[in-house]
Amino acid sequence: MAMLYIPRCLNRGIRNLLLQQRSFSAQPIHQFNEDDIKEKLQQFPGGSIDLQKEGEIATLIINQPERINAFTGTMILELRDRVEELESWTNGKGLILRGADNTFCSGSDLNTVRAISNPKDGMTMCMFMQNTLTRLQRLPLISVALVQGVALGGGAELTTACDFRLMTSESEIRFVHKLMGLVPGWGGATRLVQIIGYRNALKLLSSADRVRSAKALRIGLADKILPSSDHNWCMEETQKWLSHYIKGSSKVIQAIKNVAVSGRELPLEESLRNEKCIFSTMWASPDNLKALSTVMKHK
Ligand SMILES: CC[C@H](C(=O)O)C(=O)SCCNC(=O)CCNC(=O)[C@H](O)C(C)(C)COP(=O)(O)OP(=O)(O)OC[C@H]1O[C@@H](n2cnc3c(N)ncnc32)[C@H](O)[C@@H]1OP(=O)(O)O
C-alpha cells in the first residue's frame, strides 16, 4: 500500500477521512485470486530483486546479469515483496531502481514467457505486474530509474514506473513489444502517454525504435544524461541528483509525493480534497512550526 502518513493526534473526523483517502491508494487495480499465477511463476526461478537501504535512499537492483537482467518468474514475485517492504519504510525518502552489472533490464525472461504463453497465464501475469508497478509508482518515495545499457520490452516499461529516469550517453530504452506481436502489459503504455504525451508515446510504441539518451532527454522521457558509464560514478551522480529533491524531513517529502500522485491519478475535486487532507496533517506540524520559528528569506 502506498501509505499516507496519518498522525494519531488528529481529531477523529479528520483521521477517519484520511483513513478513507488512504484506502484509495491501497486498493489493488485488479482484484483476483493470485494463487495460480504465483504457483506458476515459482516454477521459473533464477536471478533476484535485491533491496539495499542506505540512509534515506533505497536501491532496488534487478539482478540476473547473465541474461541482461531479464525478469524470471521468481523475480516477478520478489519485486512485489520488495515493494511491499518499501511501503512500510517510514523514514525513507528516495528510491533508485537499477540493473546489475552496468545494464538495466532486457524485459521478461523469454524462457518464462514461452512457458506462460497462453491467454489465462498471460492475463494473470499482466494483472499481477500492473498491481505491483502501480504500488511501486505510488510509493511515498521519490523514485528514479538509473538506465545503464538497455531497457527493453518489460524493462522499458519498468523505467516508466519511476518518477524520473537518468540515462547514460550509451544507454537506450526500447519498447520492442510490437516486434513480438504485443503491446505493453505491465502498464507501460498508459504511463508512457502520461510521461511524454500521446503523440510521442504512439511514435515509440508503433515504431519500436530504440530511444537513445539525447532523444529521450528531448522528448521528456529522460531527466538527465550521465556522461560516463562507470557504474560507481553513475550511482554517485544519481544519488547526488536525487538528494536535491529529497532535502527535508521524510514526512514532508512523503507528503509532497502523495499530493503529486493524487494530482496525477484523481479527478480534480477528489484530488483537491485529498490535498486538503494531506495539508491538514502538515499545517502546524513540528516541521512547519520549526520552519516558522526561523527567520526566513527565500532569496
Ligand atoms: C515485450 C514484452 C515482454 C514483456 O514482458 O512485456 C518482454 O519483455 S519479452 C522480452 C523482450 N526482450 C527481448 O526479446 C530481449 C532479446 N535479447 C536481446 O535483444 C539481446 O540479448 C540484448 C540486446 C538484450 C543483449 O544483447 P547482447 O549482445 O548485449 O547480449 P546477448 O544477446 O549475448 O545476451 C546475453 C545472454 O542473455 C540472454 N538474454 C538476453 N535477454 C534475454 C531475455 N529477455 N530472456 C532470456 N534470455 C535473455 C541472451 O539470449 C544471451 O544468452 P546466451 O545463452 O548467452 O545466448
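This report walks through the chain as a whole, the surroundings of its ligand, and one buried aspartate.

## Overall fold

Keep in mind that this is a predicted model. The chain's secondary structure adds up to 13 helices and nine strands. Lay the C-alpha trace along its principal axes and you get spans of about 60 × 45 × 35 Å.

How does the radius of gyration fit a compact globule? For 299 residues, such a globule would come in near 19 Å, and the chain has 20 Å, so the two agree.

## Packing and surface

Of the 299 residues in the chain, 47% are buried. Take the contacts between residues at least 6 apart in sequence: 73% of them join residues at least 24 apart.

On the outside, the chain shows about 14,900 Å² of accessible surface. Carbon and sulfur atoms account for 54% of that area.

## Around the ligand

The ligand has 17 residues around it, and the closest are Arg 67, Ser 106, Ser 108, Leu 110 and Gly 154. Sorted by class, this shell holds seven nonpolar, six polar and four charged residues.

Which backbone atoms sit within polar reach of the ligand? Ser 106 is one of the residues involved, with a backbone N or O atom 2.8 Å from a ligand nitrogen. Gly 154 has a polar backbone atom 2.9 Å from an oxygen of the ligand. For Glu 66, a polar backbone atom is 3.4 Å from a ligand oxygen. On its own the ligand has 990 Å² of accessible area, and the protein covers 55% of it.

## A closer look at Asp 109

Asp 109 belongs to the loop that runs between strand E3 (94–99) and helix H4 (110–115). Is Asp 109 buried or exposed? Its relative accessibility is 1%, so Asp 109 counts as buried, the cut-off being under 20%.

What does Asp 109 touch, once neighbours within four places in sequence are set aside? The contacts are Gln 64, Arg 67, Ala 70, Phe 71 and Thr 72. With Gln 64 there is also a side-chain to side-chain polar contact of 3.4 Å. Arg 67, another of the contacts of Asp 109, turns up again among the closest residues to the ligand. Leu 110, where helix H4 (110–115) begins, is also on that list of closest residues.

Definitions and conventions: Residues are numbered from 1 along each chain as its sequence is written. This is a predicted model: local features need pLDDT of at least 70, side-chain atom pairs count only at pLDDT 80 or more; totals for chains, interfaces and linings use all residues. Side-chain values use heavy atoms; hydrogens and water are left out. A residue is near a molecule or strand if one of its heavy atoms lies within 4 Å of it. A polar contact is a pair of N or O atoms within 3.5 Å; within protein, one must be able to donate a hydrogen and the other to accept it, and residues adjacent in sequence count only if both atoms are side-chain atoms. Accessible areas come from the Shrake-Rupley method with a 1.4 Å probe; for residues, only the protein chains shown count as cover. Ala, Val, Leu, Ile, Met, Phe, Trp, Tyr, Cys and Pro count as nonpolar, Asp, Glu, Lys and Arg as charged, and the others, Gly among them, as polar. Helices (H or I, at least four residues) and strands (E, at least two) are DSSP runs, numbered from the N terminus. The radius of gyration is taken over C-alpha atoms; the globule rule is 2.2 Å times the number of residues to the power 0.38. Buried means under 20% relative accessible area, exposed over 50%, partly exposed in between (1.4 Å probe, protein chains only). Contact means heavy atoms within 4.5 Å.
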